[in-house]
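Me: I have a structure to go through. Can you take my questions as they come?
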Amino acid sequence: MSNAYLERLELQPGATKAEIKSAYRRLSKKYHPDINKSPDAHEQFVAISEAYRFLTEVGPKPHQETVAYDYDPYQREYEERRRRARQYAYHQAREAQRRQEASIKYALGIFDSMAYVILAFNLLLALDYVLPTTQHAEEIVAVKAIKEGLRSGVARYRYDDVSFSRHGLRTDKGQLLGDLEKNASVFATPIFGTAMCADVVLDGQPVRLYQSYGIYMVFGYLIPAIFLIAVFYRFILASLDHKFTLAIAMTGVFAFQLYMFFKF
């Protein structure tokens with residue numbers, strides 16, 4: 001008679017107690033719910049634990065082996081042991097799930113505190129963008145052509161970086177060809193002092209340059225995205241896994257915002 005418990009542990013008839021323990025350690029690590037995210041990992045983990053519990057309690061000692069572990073799992077004398085083995089296996093699985101949920105809750109507790117910082121920063125960004133800009137009289141220090149590589153690996157001229165006395169502006173290419181005077185007026189946001197545009201004199205004519213790249217321009221959509229993610233996180237989603245995914249997404253967006261904020 002074949003033994004389903006041996007098959008679950010991928011063992012052959014006549015396996016020793018040491019082999020049973022070794023197989024259990026290997027397979028329980030493979031299918032542990034904290035590690036294996038496949039849909040059937042939980043049931044596999046329970047089945048492996050049940051088989052290990054049964055074989056270690058019921059199986060013959062190595063020196064008593066004369067035949068295979070030829071036991072009928074449904075035989076009356078083994079019913080109580082089977083019940084205990086399955087109860088133990090489900091208890092282990094519940095404990096693993098409880099530990100995982102506790103870890104997620106702990107991480108979300110830390111994120112909840114950080115979320116206030118993220119929202120406050122984005123609220124200031126939004127206010128900074130809508131409030132009137134302030135004008136600053138400055139001088140042009142340098143103009144640098146910015147090239148960006150394409151997928152083909154060929155760099156293409158895309159922008160001009162204009163360095164003023166106190167601010168910087170990245171504007172579209174080709175707007176500064178000609179005789180450029182040093183004096184300029186820079187219009188910056190009132191809170192963070194980010195240059196939004198500048199008035200310069202080119203070939204004797206006034207020209208307005210606009211910021212074409214930065215946290216308020218190309219990546220300005222990240223500000224409302226942060227608030228939308230926060231609404232889903234706080235009021236809509238109930239699943240810990242979904243909340244954890246959104247927390248990671250929100251942290252990633254915030255990290256990118258900080259990069260854009262300090263670079264431009």
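Me: Start with the lining of the largest cavity. How many of its residues are nonpolar, polar and charged?
Reply: Six are nonpolar, three polar and no charged. Nonpolar means Ala, Val, Leu, Ile, Met, Phe, Trp, Tyr, Cys and Pro; charged means Asp, Glu, Lys and Arg; the others, Gly among them, are polar.
Me: Which residues line it?
Reply: Thr194, Met196, Gln211, Tyr213, Gly214, Ile215, Tyr216, Met217 and Phe264. Lining residues have an atom within 4 Å of a cavity point; on a 1 Å grid over the protein atoms alone, a cavity is a set of points where a 1.4 Å probe fits but cannot get out.
Me: How much space lies in it?
Reply: About 40 Å³. The volume is the space filled by probe spheres set on the points, which are joined across faces, edges and corners.
Me: What about the model and numbering?
Reply: It is a predicted model: local features need pLDDT of at least 70, side-chain atom pairs pLDDT 80 or more, while totals for chains, interfaces and linings use all residues. Numbering runs from 1 along each chain as its sequence is written, and side-chain values use heavy atoms, without hydrogens and water.
Me: New topic, α5. Which residues are buried there?
Reply: Leu222, Ile223, Ile226, Ile229, Ala230 and Tyr233 (buried is under 20% relative accessible area, exposed over 50%, 1.4 Å probe, protein chains only).
Me: Why are they on the same side?
Reply: Because they cover an arc of only 125° around the axis, taken from the directions from the helix axis to the C-beta atoms.
Me: And what is exposed on the face turned away?
Reply: Leu228 and Phe235.

Technical notes
On a 1 Å grid over the protein atoms alone, a cavity is a set of points where a 1.4 Å probe fits but cannot get out, and a pocket is an open set with protein on both sides within 12 Å along at least five of seven lines; lining residues have an atom within 4 Å of a point. Helices (H or I, at least four residues) and strands (E, at least two) are DSSP runs, numbered from the N terminus.
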